[in-house]
Amino acid sequence: MTYRSPASASLFLILFLFSACRFNPNIQKSGSPAFQGVWEEAPLPFKDSLLLNVKHTFKFTCDSFYVNIESFSKVNYYADSCFKGGHWKEYAKGNYVIREDTLYMVGAFTHANFKQKLAGCYRTGVYNPKFLIRKTDAEKIELVNIHQHLPMSLILKEKITCNPQPL
């Protein structure tokens, strides 16, 4: 049995912690090259038969996303002051990652200026959809929302080149 002094044990612990842990680089990740750009959702052929029809416009830049969500509803889900005749807009921003065939988005609902939204009409808090990626090409991305099982075709409106920024 060997005896170690408290000072040597402390030194060993400090060396272990400094060798085992590193800070992540303080720069944005590059994201998926296939997703970089502004993408608009094409209308569903059966959109008129839905009680709630939603149109998304995504902006993917490096590992970040910004989304405009335009809703058209035949049913009033909100207070009359919020319902606005069944047409309203929501916004969210955050980060995304692609693992195998799935697009994971984690962010927060925001105001139109993409500043955090803490209260008000419609949804607040976490924005966390997941999409199965069916197909990607230069001008079109086909997704399926895992929670709603609705297909989504995104059409490229503007290509963006990722230029990672410091965080």
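The accessible surface of the protein chain in this predicted model comes to about 11300 Å². Carbon and sulfur atoms account for 58% of that surface. Of the 167 residues in the chain, 31% are buried. One nonpolar patch on the surface is formed by Leu51, Leu52, Val75 and Tyr77. Together these four residues expose about 340 Å² of accessible area. Leu51 sits in the loop between strand E1 (37-41) and E2.

The protein chain holds 2 helices and 9 strands. Read from the N terminus, the order of elements is α-β-β-β-α-β-β-β-β-β-β. Contacts between residues at least 6 apart in sequence were also examined by separation. Of these, 49% join residues at least 24 apart.

The largest nonpolar core contains 20 residues. Phe58, Phe60, Leu103, Met105, Tyr127 and Leu143 touch the most other members. Several strands each supply at least two residues of this core. They are E2 (52-61), E3 (64-73), E4 (87-99), E5 (102-110), E7 (130-136), E8 (140-145) and E9 (151-159). In soluble globular proteins, nonpolar side chains tend to be buried together.

Phe60 is one of the core residues that touch the most other members. Beyond residues up to four places away in sequence, Phe60 touches Phe35, Gln36, Gly37, Trp39, Phe65, Tyr96, Leu103, Met105 and Ile160. Leu103 and Met105 are also among the core residues with the most contacts to other members.

Phe35 lies in the loop between helix H1 (6-20) and E1. Its relative accessible area is 2%, so Phe35 is buried, the cut-off being under 20%. With neighbours within four places in sequence set aside, Phe35 is in contact with Phe60, Tyr96, Ile98, Leu103, Ile133, Thr136 and Ile141. Phe35 and Ile141 are 106 residues apart along the chain. Their C-alpha atoms are separated by 8.2 Å.

Asp63 is found in the loop between E2 and E3. Asp63 is buried, yet has no salt bridge. The nearest side chain of opposite charge is that of Lys29, 5.5 Å away. A salt bridge requires a nitrogen-oxygen distance within 4 Å. Lys29 is nonetheless in contact with Asp63. The other contacts of Asp63, apart from neighbours within four places in sequence, are Gln28, Ser30, Gly31, Gly94, Asn95 and Tyr96. Tyr96 also appears among the contacts of Phe35 and is touched by Phe60.

Notes
Residues numbered from 1 in each chain as written. Predicted model: local features only at pLDDT ≥ 70, side-chain atom pairs only at ≥ 80, totals over all residues. Heavy atoms only, no water. Core = buried A, V, L, I, M, F, W, Y, C linked by side-chain atoms within 4.5 Å. Buried < 20%, exposed > 50% of the residue type's maximum accessible area, 1.4 Å probe, protein only. Helix = DSSP H or I, 4+ residues; strand = E, 2+ residues; numbered from the N terminus. Contact = heavy atoms within 4.5 Å. Lys, Arg positive; Asp, Glu negative; His and termini not counted. Patch = residues over 30% accessible without salt bridge, like charges linked within 9 Å, V, L, I, M, F, W, Y side chains within 5 Å. Areas by Shrake-Rupley, 256 points an atom, 1.4 Å probe, with all protein chains shown as cover.
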